[in-house]
Amino acid sequence: MRAAASTGCVHVVGAGLAGLAAAIALADTGRCVILYEAAPQAGGRCRSYFDAELGCRIDNGNHLLLAGNRAALDYLDRIDGCGSLEGPSEAVFPFVDAVNGERWTVQPNSGALPWWILSANRRVPHTRARDYLAALTMRRADPSATIAAVLDPRHTLFRRLWEPLAVGGLNTSAEQGSAALFWRMLAETLGRGGAACRPLLPRFGLSESFVEPALARLRVKGAEIRFGARLRALIFGPDRVSDLVFEAASIALDRADGVILAVPAAIAARLVPGLIVPDRHSPIVNAHFRCTPPAGAPFFVGVIGGAAEWIFRKRGVLSVTVSAADRFVERAAPELRDLFWRDVAVAYRLPALPVPPARIVKERRATFLASPEQLKRRPQQTTAWRNLLLAGDYVDTGLPATIEGAIRSGFAAAGLATDCQLQALSPTVASGGPSPRALDTEIEQERHSVLP
Ligand SMILES: Cc1cc2nc3c(=O)[nH]c(=O)nc-3n(C[C@H](O)[C@H](O)[C@H](O)COP(=O)(O)OP(=O)(O)OC[C@H]3O[C@@H](n4cnc5c(N)ncnc54)[C@H](O)[C@@H]3O)c2cc1C
């Protein structure tokens, strides 16, 4: 079956945040947009769902935004979602040492001049102001350098601040993570002062903040949204994509049509011949505990020296995130539940027993591994085909695989499509026609309930 597409449309494939951002930006300029998503819902790796066994909505994983994430806030502004975030009124990062129970709060001052490092109450205990300045060496780090090769891993500041920030932000261990990428992340946040570091969290859920308002806005703008539409292949002409092959139908593109491929890296590499993408991934494990968080408890706590890394307070749930979680992905859910709850109980001053019902979610391929070698594999957004652009957290945004990176890539793709700048040739893409291939999985998530 072949259905003719309308003239001058942009076909956005993949309704994760990159695809949604691209679609929103295009719809806002009055362009005709058709958004295709393989799954029955949008949001990709950033969404919420009702967990029937826990009896509440949970996020697939805890996501933290910072006030300096400008593209993400611009996106939320466009979809009227800024009011759906909450968080502390200032940049405060509470920590607890799981081994000795020591607590402290890192509290950058709001301006760009970082006088907070001079204040013992605002910095990490047992560190000095000059320890922080050592981080400036990352500014000139060789692109092949890892974080642990540039900063001293034996230092208290490394263990109590740089490592948790790097692992959480890059989803990669400090031994493997790129120092240059970590520097870029710090420069956009901590480097711009506490006002850019104020933490922001969805008040109700990721979908309520990032996904549902975007779909509503797209519908108001007349964009068409097709769920259950899995792209199986692209048909390539000499310099253009001529057809989109979905399971149910093929769509012949008009000369004025554009395509933004906003699918995960591995799927893009199977659809676009010769495309080089990051091919090593890093897991994230989340544990959602059904319980009543203590009133007035912090929005989140960083844990040093425990199994949990960051713990988030939600409505009726306390939720643990462990990034670069290779050491946990093979362990059994009941074991992880007990291990993580020990840290939650310490951090939020709750009884160690009984352990509440929990949902363990393992995302084995949560993001690409942000190592210097893998960063070299990030592609540009333009391709050898004039009407084909790429978007997604894996493209070369200069940022780690984050909400901010995904949204920035979506906006950039929309800009390129709008400006008709589709002629650039990417050196990472070879020309030639592909054969349609089966594309079966994109999100590999394992969910384990551990109920009493
Ligand atoms: C557990 C976890 C925790 C995270 N924590 C944070 C955090 O705290 N802060 C932060 O900023 N970021 C965080 N991230 C990263 C962030 O979620 C991702 O970077 C971002 O959501 C990626 O968006 P994307 O649109 O690039 O890709 P995706 O979300 O993967 O979207 C791609 C979409 O394409 C669809 N698709 C795939 N194949 C096809 C096809 N053939 N045809 C049609 N559609 C297709 C998929 O179903 C999916 O909806 C986290 C990620 C995970 C998994």
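Here is a short walk through the ligand site and the cysteines of this structure. Keep in mind that you're looking at a predicted model.

Let's start with the ligand. There are 34 residues around it, and E37, R45, H63, D393 and I403 come nearest. By character, the shell splits into 18 nonpolar, 10 polar and 6 charged residues. Several elements pitch in: α1 (17-28), β16 (281-290), β20 (358-368) and α11 (403-418) each give at least two residues to that shell.

Now for some individual contacts. H63 puts a polar side-chain atom 2.7 Å from an oxygen atom of the ligand. The backbone takes part too: an N or O backbone atom of L17 sits 3.2 Å from a ligand oxygen, and one of N62 is 3.3 Å from a ligand nitrogen. As for cover, the ligand on its own has 1,000 Å² of accessible area, and the protein covers 96% of that.

Next, the cysteines. The count comes to 1 disulfide, and it joins C9 to C32, with 1.7 Å from S to S. Its S-S torsion is about 45°, so this disulfide is right-handed. Because C9 belongs to strand β2 (residues 9-13) and C32 to strand β3 (residues 32-37), the pair ties together parts that lie 23 residues apart in sequence. C9 is buried, at 0% relative accessible area, while C32 is partly exposed at 30%.

What about C56? This cysteine is in no disulfide, and the nearest cysteine sulfur, in C291, is 9.8 Å away. C56 is buried, at 8% relative accessibility. C82 is unpaired because its closest cysteine sulfur, in C46, is 14 Å off, too far for a bond. With 33% relative accessibility, C82 counts as partly exposed.

Terms used. Residues numbered from 1 in each chain as written. Predicted model: local features only at pLDDT ≥ 70, side-chain atom pairs only at ≥ 80, totals over all residues. Heavy atoms only, no water. Near = heavy atom within 4 Å. Polar contact = N/O pair within 3.5 Å; in protein donor to acceptor, adjacent residues only side chain to side chain. Areas by Shrake-Rupley, 256 points an atom, 1.4 Å probe, with all protein chains shown as cover. Helix = DSSP H or I, 4+ residues; strand = E, 2+ residues; numbered from the N terminus. Nonpolar A, V, L, I, M, F, W, Y, C, P; charged D, E, K, R; others polar. Disulfide = S-S within 2.5 Å. Buried < 20%, exposed > 50% of the residue type's maximum accessible area, 1.4 Å probe, protein only.
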